[in-house]
Every structure is written in structure tokens, then in C-alpha cells.
Amino acid sequence: KVDINGKRYPFVDYRSFHPKAKHVKEFADVDVKFFNVFPSGIMTALKNRTIPYSQYGAVWVGEDEYNWDNLKKQTDVFSENAPDGYVVLMIHLDPPDWFVEKYEDVEDTWSCFISGAGSERWKAAAVRYMKALMEKVEEYMPDRVYAYHMMGGGTTEWITRNREDVLNNPT
């Protein structure tokens with residue numbers, strides 16, 4: 001169970017990278033209290049990374065530039081359809097394509113997280129983004145964020161997508 005403000009809730013979570021209002025409401029109607037918000041511009045591993053995870057569009061769109069309208073559209077789905085639910089904010093921290101293109105010393109960490117994680121430029125920008133994102137979600141959904149989940153390097157469900165390559169080339 002999860003304890004929030006002295007009240008215990010069974011930990012059942014609705015997680016979708018393409019949450020539909022109808023489904024959020026259906027889960028809320030059967031007393032599911034936990035939902036995942038993933039505001040990201042990352043492309044999925046499907047079709048050579050051409051299909052976006054977020055149906056709402058990227059939030060981190062430039063150096064210290066954020067599209068808060070895209071975030072608001074996503075948080076509104078949960079606020080309107082699960083008004084007493086809580087969310088985990090999934091924070092995608094791989095450098096966006098625009099960042100990799102702008103700075104030649106920054107690598108695409110999606111494919112190999114460790115190769116780019118050492119960039120001081122990227123780490124500083126990621127911290128600024130993470131802070132701004134957390135503050136904005138707290139503004140849009142006050143007292144409803146129960147956790148932050150920082151994500152990077154290949155995405156969670158595709159962790160073994162290159163299993164043979166990793167096993168045969170451990171460097």
C-alpha cells in the first residue's frame with residue numbers, strides 16, 4: 001500500500017504512454033488512484049524511432065524553452081477524469097534531438113546512455129528542465145504528485161531490445 005497524508009491506498013497503477021480520457025476515467029471509476037504522466041518528445045523504438053511516445057507533443061523544445069501547453073493538455077486528461085487520483089511524473093532525461101544537433105560534444109544517450117551521461121552541458125540543461133517540469137506539474141496538479149521517475153537510456157520496456165548485441169559486446 002501507498003501512504004499519502006495518513007491514508008493508505010492499494011498500489012494499483014494505470015500506465016499508458018497514450019492515455020485516453022475514456023480509459024483514465026474508467027480506471028478512476030473503479031477506484032484506481034495512481035496514474036503516470038510522461039511528457040516527452042522521445043520517439044519509441046517502433047519503426048526506427050519514428051512513432052512518438054507522447055500524443056501531446058514535446059515539452060522540452062529548446063535551450064531553456066518549454067511548451068507548457070503540451071504539458072497542460074496531458075495533465076488535464078488526469079485532472080478532468082481522475083480528479084482525486086495521484087500521478088507519478090515520468091521525467092525523460094535523454095537529450096532531445098535538437099540538443100544533440102546543437103552541441104557536437106553531446107551524444108544521443110537513448111542508444112547508449114553511458115556514452116553521453118558525462119556531458120556537463122547536458123547534465124546542467126537536464127537539471128534546469130527537470131526543475132522547471134516538476135514546478136509546472138506541481139502548479140497544474142497541486143498536491144497530486146506522489147513520485148518522480150527519472151528515465152533515460154533506451155526507455156524502460158525496451159531495456160532488452162539489443163540483448164544479443166549487449167551480451168556479445170560488453171564494452
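**Close-up 1. Helices H1 and H2 cross in the predicted model.** H1 covers residues 21-29 and H2 covers residues 68-81. Their axes come within 9 Å and cross at roughly 35 degrees. The crossing of H1 and H2 is right-handed. H1 contributes Ala21, Val24, Lys25 and Ala28 to the contact. H2 contributes Val77, Phe78 and Asn81. By class, the residues of this contact are 5 nonpolar, 1 polar and 1 charged.

**Close-up 2. An open sheet is built from 4 strands.** The strand order is E3-E4-E7-E8, and the pairing is parallel. Strand E3 (13-14) and strand E8 (145-151) form the edges. Each of these two pairs on one side only.

**Close-up 3. Strand E4 pairs with strand E7.** E4 spans residues 34-37 and E7 spans residues 86-92. The two strands run parallel and are joined by 4 bridges. Opposite phenylalanine 35 stands valine 87 of E7.

**Close-up 4. Helix H2 lies across strands E4 and E7.** H2 runs at about 170 degrees to E4. H2 is also the partner of H1 in the crossing of the first view.

**Close-up 5. Helix H5 has the span expected from its residue count.** H5 holds 21 residues, 120-140. At 1.5 Å a residue the helix should span 30 Å, and its end C-alpha atoms are 30 Å apart, so the two values agree. The buried residues of H5 include the aromatic side chains Trp122, Tyr129 and Tyr140. Also buried are Ala125, Ala126, Met130, Ala132, Leu133 and Val137. Lys136 of H5 is buried as well.

Definitions and conventions: Residues are numbered from 1 along each chain as its sequence is written. This is a predicted model: local features need pLDDT of at least 70, side-chain atom pairs count only at pLDDT 80 or more; totals for chains, interfaces and linings use all residues. Side-chain values use heavy atoms; hydrogens and water are left out. The expected span of a helix is 1.5 Å times one less than its number of residues. Buried means under 20% relative accessible area, exposed over 50%, partly exposed in between (1.4 Å probe, protein chains only). Axes are lines fitted to C-alpha atoms, for helices over the stretch in contact, and angles run from 0 to 180 degrees between N-to-C directions. A crossing is left-handed if the near helix is turned anticlockwise from the far one by less than a right angle, and right-handed if clockwise. Contact means heavy atoms within 4.5 Å. Ala, Val, Leu, Ile, Met, Phe, Trp, Tyr, Cys and Pro count as nonpolar, Asp, Glu, Lys and Arg as charged, and the others, Gly among them, as polar. Two strands pair if DSSP finds at least two bridges between them.
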